[in-house]
Amino acid sequence: MKTLISITLTTAIYSSAIFAECVPPRTEVAWPDDYVDFGAYHRVHPSGDYLLVSNVEGLGRSTVVILDLKDRNPDGTPKVIATPFANEAYPDSNWDLISSPYGSSTPPMDFYSFKDILKNKAALVAAGQENKARPVIAPVYRDESFGQYYQSIAELPGSTPKDKKICTLLYSRSSEKCYDFKLDDDGKLAKVNGQEKNPAETQAAPLCGQSQSWSGPVLSKDGSYVSTRGDGTTTIYPVTRKADKTATCGQAIVLPGVGSKVSFSYPNSAPKAVTYYTVGPYKDMSERRGVKIHNLETNVSFWLSSKTEITESYPNFTADGRIVYTDTKAKKIITIDPNQIDEEGNVKADRSSCIQVNGTKASPAPVTTPKAKSV
Amino acid sequence: MKKIILSVFAVWSLEGSAKLPPHLQGMTCEKEILSVLAKQGAADSWVRTVDPGANVMAFRTPTKSVGRWVEIQSFPNPYLMILEPTKSKVYEWDAKTCATLKLGDVAGVPFKKAKPSDFTDAKLAGLMEDDKKALIYIWSPTMTYSVTEMHTFEKVAKDMNLEFIPVLDYRVTEKRAKEVVEGRSPAVKLNRFSSIELYMRQGALHFPSSFVVSHGKISGLIFGAKPEQELKEVIAKEMMQNSGVTH
């Protein structure tokens, strides 16, 4: 058993100056190395409190766990919650429903309630950390019509926790399928005359009439954009959705020098941006594996992770615009506020941008020496 | 081994008439840069890659030799790298005088110390030279689908008479790789990734990444896992492009 060094710290940059109500520029949580391999596929809860991690174990068996970044083990590492999900499970924008594909072309696609996971958390943590049997948790809905890879999910405007209007976009054939789930207070399918009401759903069809598959397509959180990656560039299309459930794609927006799958920011957060994992060479030609952000308003990318960090997983946004990624070298989960990082990767000395959780601004903190993170 | 001529791209710039990527044409010290590009046999197949920093662009292009690439970065002092496992060089020019500031080997090039079992540029060149048909499948235990869907790629390769060559992510431990494929039938050879050619084609950014070798050429990147039928269609298309036939 490895020795765990539990560290939960805020970087020294503002250690003496952080206001409790402010979003800190950067926080770190130690990775639960005893229980979970890093994997590369991660998803982040809109609050930043949970991190979903997909992995593969012996005999190629897929496992998915959720790390609770607020509820820690005595050593400071996050509690590890086992789940019944498989492969690259993808939550909707608010983490009410989590889709779980089975890969290949084999149906089904399951949809689980995150409330079910939290309700059974104690037993699921015991399964995740103590190798105990995992309680049976049934999916809220099983779509037997398809199974696919790399789905992304958008939650359409007007969706609510009880009337979930979501669309899934599949990598293969760039097909989209939309659902209207009626859920009860427990996050289960609502009942009509004692019978569960299955979601109204569309047939899977190529988004925007795409005749060719896009490479690594991803929907934005509200489905108003779709991204596709290519050699050296990533392209974003605005998506206009119509009442008849069809959609059209607008003029392409090319993000130069990106070339990766991206994760979109939440619609009401700032800046409007995508974040991504990429590999680039240093000037001495050694590689830099890290996280970048591309501001969609200025069309400029910059590094968020420092050059001493090594990232090998997908970064994701929280609802308030922070970004969560992992440093596999230091074995840490990093949460960073890009609003407090300048375009050279330095933490801003000007704290006037510090954002309170309730959305209002805090008083500027004393100016401190910025952390150098030049390329 | 005789020198392999890589004819991946339809249009090659002739030696002595090298070009910069359109974004950088007219840049400082262009004459000096073009001279180096011509000597290196750089193709006019520039692809923009990840920006090294704010307001700095980077472009890369192959050369006529398998495993040798050129990357140029638009720092105020123009910066050019020749990447290959054993003879890599860096050039940097003073923006005011265009005098060469740096010229020499660099330490950071990956894959300098390949083991015999590794998948190297020499092996890739050998496949191309011998006119072999192969599906190179780059996988990692860090990416679920690259493990769970390997069987689909293996089956499709067999169905299409392609040699299936699994190549392991160079960053993971052998112990971790063995864990996830132990007991698998057929067994997976743990040949590690050690190819500048595939690296510069973004073969190590996402897993699985695949390339088709046929007609003495290497295809573009096949990104991610795909259902069997779709994978067959994509491979057939790449082989057609390798053969020079396009529709």
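N87(A) sits in the loop between β6 (78–82) and β7 of chain A. This is a predicted model. N87(A) is not a glycine, yet its phi is positive, at about 50°. N87(A) is also buried, because 27 other C-beta atoms lie within 10 Å and 20 are enough to qualify. The points below cover backbone exceptions, a sheet and a strand residue in chain A, the build of chain B, helix α7(B), and the contact between the chains.

**Backbone exceptions**

- Most residues other than glycine have a negative phi, and most peptide bonds are trans.
- Q202(B) is a residue other than glycine with a positive phi, near 70°.
- The loop between α6 and β11 of chain B holds Q202(B).
- Q202(B) counts as buried because it has 23 C-beta neighbours inside 10 Å.
- P208(B) is also placed in the loop between α6 (196–200) and β11 of chain B.
- The peptide bond from F207(B) to P208(B) is cis, and its omega is near 0°.
- In chain A, a cis peptide bond joins A270(A) and P271(A), with omega of about 0°.
- P271(A) lies in the loop between β23 (263–264) and β24 (273–281) of chain A.

**A four-stranded sheet in chain A**

- The strand order is β7-β8-β9-β10 in chain A. The sheet is open, has 4 strands and pairs them antiparallel.
- β7 (90–91) and β10 (141–143) of chain A are the edge strands. Each has a single partner strand, so one side of each has no neighbour in the sheet.
- Strands of a sheet pair through backbone hydrogen bonds, either parallel or antiparallel.
- β9 (residues 109–113) of chain A pairs with β10(A) in the antiparallel sense, over 3 bridges.
- D110(A) stands opposite R142(A), a residue of β10(A).

**A247(A) and its surroundings**

- A247(A) belongs to strand β21 (residues 247–249) of chain A.
- Is A247(A) buried or partly exposed? With 19 C-beta neighbours inside 10 Å, A247(A) counts as partly exposed, because a buried residue needs 20 or more.
- C208(A) is 39 residues from A247(A) along the chain, but their C-alpha atoms are separated by 5.3 Å.
- Leaving aside residues up to four places away in sequence, A247(A) touches L207(A), C208(A), V239(A), T240(A), R241(A) and K242(A).

**Overall build of chain B**

- Chain B has 7 helices and 13 strands.
- Its radius of gyration is 19 Å, close to the 18 Å from the globule rule for 247 residues, so chain B is as compact as a globular protein of that length.
- The C-alpha trace of chain B spans about 60 × 40 × 35 Å along its principal axes.
- Of the 247 residues in chain B, 47% count as buried.
- Take the contacts in chain B between residues at least 6 apart in sequence: 57% of them join residues at least 24 apart.

**Helix α7(B)**

- Helix α7 of chain B runs over residues 228–242. At 1.5 Å a residue, its 15 residues should span 21 Å, and the end C-alpha atoms are 21 Å apart, which agrees.
- Which residues of α7(B) are buried? They are L231(B), I235(B), E238(B) and N242(B).
- These buried residues cover an arc of only 60° around the axis, so they lie on the same side of α7(B).
- Exposed Q229(B) and A236(B) are carried on the face of α7(B) turned away from its buried side.
- The cover over the buried residues of α7(B) includes β8 (134–139), α4 (150–159), β11 (209–214), β12 (217–218) and β13 (222–223) of chain B.
- After α7(B) comes G244(B), with a positive phi near 90°.

**Contact between chains A and B**

- The contact takes 47 residues from chain A and 43 residues from chain B.
- On the chain B side, the elements giving two or more residues are β1 (47–53), β4 (79–83), α3 (144–148) and α5 (174–181).
- β1(B) gives the most to this side, with 7 residues.
- The chain B side that touches chain A divides into 23 nonpolar, 11 polar and 9 charged residues.

Methods:
Residues numbered from 1 in each chain as written. Chains lettered and ligands numbered in written order. Predicted model: local features only at pLDDT ≥ 70, side-chain atom pairs only at ≥ 80, totals over all residues. Buried ≥ 20, exposed ≤ 12 C-beta atoms within 10 Å, placed from the backbone. Contact = placed C-beta atoms within 7 Å. Nonpolar A, V, L, I, M, F, W, Y, C, P; charged D, E, K, R; others polar. Expected span 1.5 Å × (residues − 1). Arc of directions from axis to C-beta. Rg over C-alpha atoms; globule rule 2.2 N^0.38 Å. Pairing = 2+ DSSP bridges.
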